[in-house]
Amino acid sequence: MAFDSFQDFLAMGGHAPYVWAAWAVTAGLLGGIVLHARAERRRLLRHLQRRERRERRLADQQTTNSHPTAGHRHDA
Amino acid sequence: MPHEARGLQARQDASRTGEPGGGLAVAFWATLKRDLVLLLRRRSEVLNPLVFFALVITLFPIGISPDPELLATIAPGLLWVAALLAALLSLDSLFRGDYDDGSLEQLLLTPQPLPLLVLAKVAVHWLLTGLPLALMAPVLGILLSLPVGSYGVLALSLALGSASLSLVGAIGAALTVGLSRGGVLLSLLVLPLYIPVLIFGAGAVQAAILGDGASAHLAILGALLALALMLAPWAIAAALRISING
Amino acid sequence: MWSFIHKLGSPRWFYAISARLMPWFWVAAALLIAVGSVWGLAFAPADYQQGNSFRIIYVHVPAAFLAQSVFVGMAVAGLVFMVWKIKVADMAAAMMAPLGAAMTFIALFSGAVWGVPTWGTWWMWDARLTSMLILLFLYLGVIALRGAFASRDSGSRAASVLAMVGVINIPIIKYSVDWWYTLHQPASFSVTSRPTMPLEMWAPLLIMVLGFYCFFIAVTLMRTRSEILRRESNKRWVRDLAVEGR
């Protein structure tokens with residue numbers, strides 16, 4: 001341990017603003033990258049799911065309209 | 001453009017009927033001659049970078065100070081940066097005219113290797129932009145009270161360096177020729193790649209002023225030019241194919 | 001060998017294999033960065049000259065390493081895309097560019113902040129900072145060029161060519177900037193190039209560098225997977241996947 005107390009650690013020997021600013025910006029940016037990547041993936045999956053559901057519903061409607069007895073084929 | 005069409009036709013005929021060994025040289029010289037004639041007809045396009053160069057150099061004493069001593073210390077860098085920007089200004093039109101009238105597509109369809117033909121176009125750009133800038137720089141050096149003894153090195157370093165600038169810049173010009181607003185993007189792509197040439201070009205003039213002898217700098221500029229000559233034509237050719245087919 | 005490359009090039013296969021690889025890189029990145037941070041911030045001894053401000057090194061150097069490596073990775077992916085027409089390589093390259101720019105920004109910001117206690121100023125034209133700044137411009141150029149094309153394929157190929165041109169230029173820029181800096185700043189003390197660093201100081205640095213690399217691989221894998229979903233959204237297997245919610 002290079003510091004005697006937690007206060008000491010926070011003060012960084014008088015260089016606190018510089019050290020913590022550099023580390024905070026780095027941590028913030030890395031965290032932001034991770035969050036953005038996760039949000040991007042979720043958004044894409046949700047979008048794909050919604051589109052898929054919509055298209056299957058449309059396909060179902062069409063099949064029920066043309067062949068009333070053969071409806072809901074896709075639900076199986 | 002009947003003249004261009006005829007020139008192209010003549011080139012294709014030459015490649016078909018001429019002896020196979022002479023085909024490359026014929027194509028190279030034909031492209032060189034065609035571009036030279038075309039550019040010399042539009043004289044303003046040749047003169048504009050030179051006027052721009054003189055104007056920018058005029059701005060610095062007005063913006064900073066007319067003090068000859070101060071100007072003399074910053075003159076090498078100023079002259080080099082202004083010449084670099086002037087060369088950059090003329091890059092956008094390097095392939096633009098040929099792209100607009102379709103002769104660039106013809107160039108891509110010729111049986112000769114595209115890197116060679118592109119090299120001819122870049123050579124014309126250097127002959128009508130880089131070389132005049134280099135010859136004009138000593139005159140502007142007088143305006144900035146550049147110390148005596150560095151004028152020859154200034155012209156030589158600019159002549160050598162601007163050839164690399166033309167080659168590297170042509171890559172950017174070829175990448176952006178298909179874009180409608182390629183001008184600003186072109187400078188964003190090209191300027192970072194210009195930095196080594198700027199460092200050694202301005203360094204050569206500085207060394208000449210200090211009396212250190214500029215031969216080492218000029219040798220490095222020559223090495224950069226050799227490297228650019230080896231690699232840039234292929235990159236330009238690849239970039240042109242992307243811009244045309246995309 | 002070839003069948004392996006082509007299998008890896010198939011988006012579906014890549015999507016499956018990356019799902020298995022990714023968690024390991026996330027875990028490794030989190031562990032390494034956590035250990036390196038605690039060790040570097042709290043346990044590594046203070047520098048005899050710079051005191052505790054040297055602890056910025058543990059974010060500055062890994063970010064600077066990564067900034068350069070990501071550009072090389074981008075160029076290699078561009079080469080793979082251009083030569084073997086492997087789409088996944090281009091997707092990865094597209095995802096690497098913003099990450100590399102972010103790393104370059106971290107390196108620049110931490111370097112500038114570090115400059116206050118060491119040089120007494122926020123910015124100094126130090127060789128490392130200057131090359132980082134130029135690298136940032138190169139990244140911005142690649143990102144801007146990719147976005148400027150209306151067709152995705154042209155943008156991909158143009159960005160690949162520019163990345164390859166840039167990667168050839170990066171060492172030239174780096175060495176010329178180093179040379180320029182030593183010429184103009186002969187007796188200045190360089191922050192990071194110290195010959196001897198005790199083990200307790202460089203071990204956490206090494207851990208942080210490894211952690212940053214794992215982070216880069218994990219993020220690139222994850223975002224490439226997202227890009228596959230985006231570009232291949234009309235393929236049957238992607239639609240089935242979406243229904244299952246994976």
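## Exercises on a three-chain model

B:Ser145 sits in the loop that links α7 and α8 (151-176) of chain B. Keep in mind as you work that this is a predicted model.

**Exercise 1. Work out what is unusual about the phi of B:Ser145, and whether this residue is buried, exposed or partly exposed.**

Step 1: Start with the backbone. B:Ser145 has a phi near 45 degrees, which is a positive value in a residue other than glycine.

Step 2: Place the residue along the chain. B:Ser145 follows α7(B).

Step 3: Count the neighbours. A residue is buried with 20 or more other C-beta atoms within 10 Å, and exposed with 12 or fewer. B:Ser145 has 17 C-beta neighbours inside 10 Å, so it counts as partly exposed.

**Exercise 2. Do the exercise again for C:Lys85: where does it lie, and is it buried or exposed?**

Step 1: Find it. C:Lys85 is in the loop between α3 and α4 of chain C.

Step 2: Check phi. The value is near 55 degrees, and it is positive in a residue other than glycine.

Step 3: Count again. C:Lys85 has 10 other C-beta atoms within 10 Å, so it is exposed.

**Exercise 3. Compare the reach of α7 of chain B with the expected span, then find its kink.**

Step 1: Get the length. Helix α7 covers residues 114-143 of chain B, which makes 30 residues.

Step 2: Compare the spans. From first C-alpha to last, the helix reaches 42 Å, close to the 44 Å expected at 1.5 Å a residue.

Step 3: Look for a bend. α7(B) has a kink of about 35 degrees, and B:Trp126 is at its centre.

**Exercise 4. Describe the surroundings of B:Leu89.**

Step 1: Locate it. B:Leu89 belongs to helix α4 (residues 68-91) of chain B.

Step 2: Judge its exposure. With 17 other C-beta atoms within 10 Å, B:Leu89 is partly exposed.

Step 3: List its contacts. Skip the neighbours within four places in sequence, and you're left with B:Pro49 and B:Phe52.

Step 4: Check a far-off partner in sequence. B:Leu186 is 97 residues away along the chain, yet the two C-alpha atoms are 9.7 Å apart.

**Exercise 5. Which residues touch the most other members of the largest nonpolar core, and which helix gives the most to it?**

Step 1: Pick out the residues. This core has 171 residues, and the ones touching the most other members are B:Leu79, B:Ala83, B:Ala239 and C:Ala93.

Step 2: Name the helix. Helix α4 (residues 87-119) of chain C gives the most, with 20 residues.

Step 3: Zoom in on one residue. Not counting residues up to four places away in sequence, B:Leu79 touches B:Ile57, B:Ala137, B:Leu140, B:Gly141, B:Leu144 and B:Leu154.

**Exercise 6. Describe how chain C meets chain A, and then how it meets chain B.**

Step 1: Take chain A. It has two helices and zero strands, and 12% of its 76 residues count as buried.

Step 2: Count its contact with chain C. Here 34 residues come from chain C and 25 residues from chain A. On the chain C side, α4(C) gives the most, with nine residues. That side splits into 23 nonpolar, seven polar and four charged residues.

Step 3: Move to chain B. This contact uses 23 residues from chain C and 18 residues from chain B. α6(C) provides the largest share of the chain C side, 13 residues. The chain C side here holds 16 nonpolar, five polar and two charged residues.

Terms used: Residues numbered from 1 in each chain as written. Chains lettered and ligands numbered in written order. Predicted model: local features only at pLDDT ≥ 70, side-chain atom pairs only at ≥ 80, totals over all residues. Contact = placed C-beta atoms within 7 Å. Helix = DSSP H or I, 4+ residues; strand = E, 2+ residues; numbered from the N terminus. Nonpolar A, V, L, I, M, F, W, Y, C, P; charged D, E, K, R; others polar. Core = buried A, V, L, I, M, F, W, Y, C linked by C-beta atoms within 7 Å. Expected span 1.5 Å × (residues − 1). Bend = angle between axes of the 7 residues up to and from the residue.
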